[in-house]
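Below are some notes for a colleague who has not yet looked at this structure. Please read them with the model open.

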Amino acid sequence: MRCRPLLPYTALVSACLLASCSSDPTAPRSGVWAHVSAGEQFSCGLTAAGAAYCWGAGSFGQLGSLHTLGELRPVAVAGAHVFTSISAGNDHVCALSADGSAWCWGLDDYLELGAPAGRCNGALPVDCASRPLRVLGAPPFDSITVAGYATCGLSSDHLAWCWGWNHHGQV
């Protein structure tokens, strides 16, 4: 198997994350990620303790850190939630807490967050949430996955629940 060379930007971000060059003393150090998920232009990870951090593009609130700036270093997701899993899509993220409640943040063009979002991104206001919002009316989930502009969760009674963009019948 041949390996593709890393793009300079990718190498910079990887080197930064691996070298733990974050100025945030609470940011995870290399080797302590329990789970990571990559979105379109950002990534998020969970520590072994369930703390969520995101880095990369943040113009739609997908970093979950109450601002819409991009970050090369991991920034803590707002709210001090403890998550058991995390899934990133194009421009939104959802995570599950230990009790199975689903929390989502980021772009909400097609109600993919599962909760009413406000406006963010002052340069080009869009519907989004820059902090985790609890998915409304949903049962506890065993798993959740995010793709494009839709989100699906599998409930503890093995039923699939989906919300978001349904242009092609994916919901």
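Leaving aside its neighbours within four places in sequence, which residues is I86 in contact with? The points below start from there.

1. Basis of the notes. This is a predicted model, in which local features need pLDDT of at least 70 and side-chain atom pairs count only at pLDDT 80 or more, while totals for chains, interfaces and linings use all residues. Residues are numbered from 1 along each chain as its sequence is written, and side-chain values use heavy atoms, with hydrogens and water left out.

2. I86. Once neighbours within four places in sequence are set aside, I86 touches H35, S37, C44, L46, A52, V93, C94, A95 and W105. Contact here means heavy atoms within 4.5 Å.

3. The largest core. I86 is among the residues with the most contacts inside the largest nonpolar core, together with F83, V93 and W105. This core has 15 residues. At least two of its residues come from each of β2 (42-47), β3 (52-56), β5 (83-88), β6 (92-97) and β7 (102-107). A nonpolar core is a set of buried Ala, Val, Leu, Ile, Met, Phe, Trp, Tyr and Cys residues joined through side-chain atoms within 4.5 Å. Buried means under 20% relative accessible area, exposed over 50% and partly exposed in between, with a 1.4 Å probe and protein chains only.

4. A second core. Separate from the largest core is another of 13 residues, which includes L96, A129, V135 and W163. In soluble globular proteins, nonpolar side chains tend to be buried together.

5. Chain layout. There are one helix and 12 strands in the chain. Along the sequence the pattern reads α-β-β-β-β-β-β-β-β-β-β-β-β. Helices (H or I, at least four residues) and strands (E, at least two) are DSSP runs, numbered from the N terminus.

6. Disulfides. The structure holds four disulfides, each a pair of cysteine sulfur atoms within 2.5 Å. Three of them are taken up in the next points, beginning with C44 and C54, then C94 and C104, then C152 and C162.

7. C44 and C54. The sulfur atoms of C44 and C54 are 2.1 Å apart, and with 105° about the S-S bond the link is right-handed. C44 lies in strand β2 and C54 in strand β3, so this pair ties together parts 10 residues apart in sequence. C44 counts as buried at 0% relative accessibility, and C54 likewise counts as buried at 0%.

8. C94 and C104. The S to S distance of the disulfide between C94 and C104 is 2.0 Å. Its torsion about the S-S bond is about 110°, so the disulfide is right-handed. Because C94 lies in strand β6 and C104 in strand β7, the pair ties together parts that are 10 residues apart in sequence. Both C94 and C104 are buried.

9. C152 and C162. These two cysteines are joined with an S to S distance of 2.1 Å, and the link is right-handed, with 110° about the S-S bond. C152 is in strand β11 (residues 150-155) and C162 in strand β12 (residues 160-164), 10 residues apart. Are C152 and C162 buried or exposed? C152 is partly exposed, with a relative accessible area of 23%, and C162 is partly exposed at 26%.

10. Whole-chain figures. Of the 171 residues in the chain, 42% are buried. Among contacts in the chain with a separation of 6 or more, 42% are between residues 24 or more positions apart. The accessible surface of the chain comes to about 9000 Å², of which 60% belongs to carbon and sulfur atoms. Accessible areas come from the Shrake-Rupley method with a 1.4 Å probe, and for residues only the protein chains shown count as cover.
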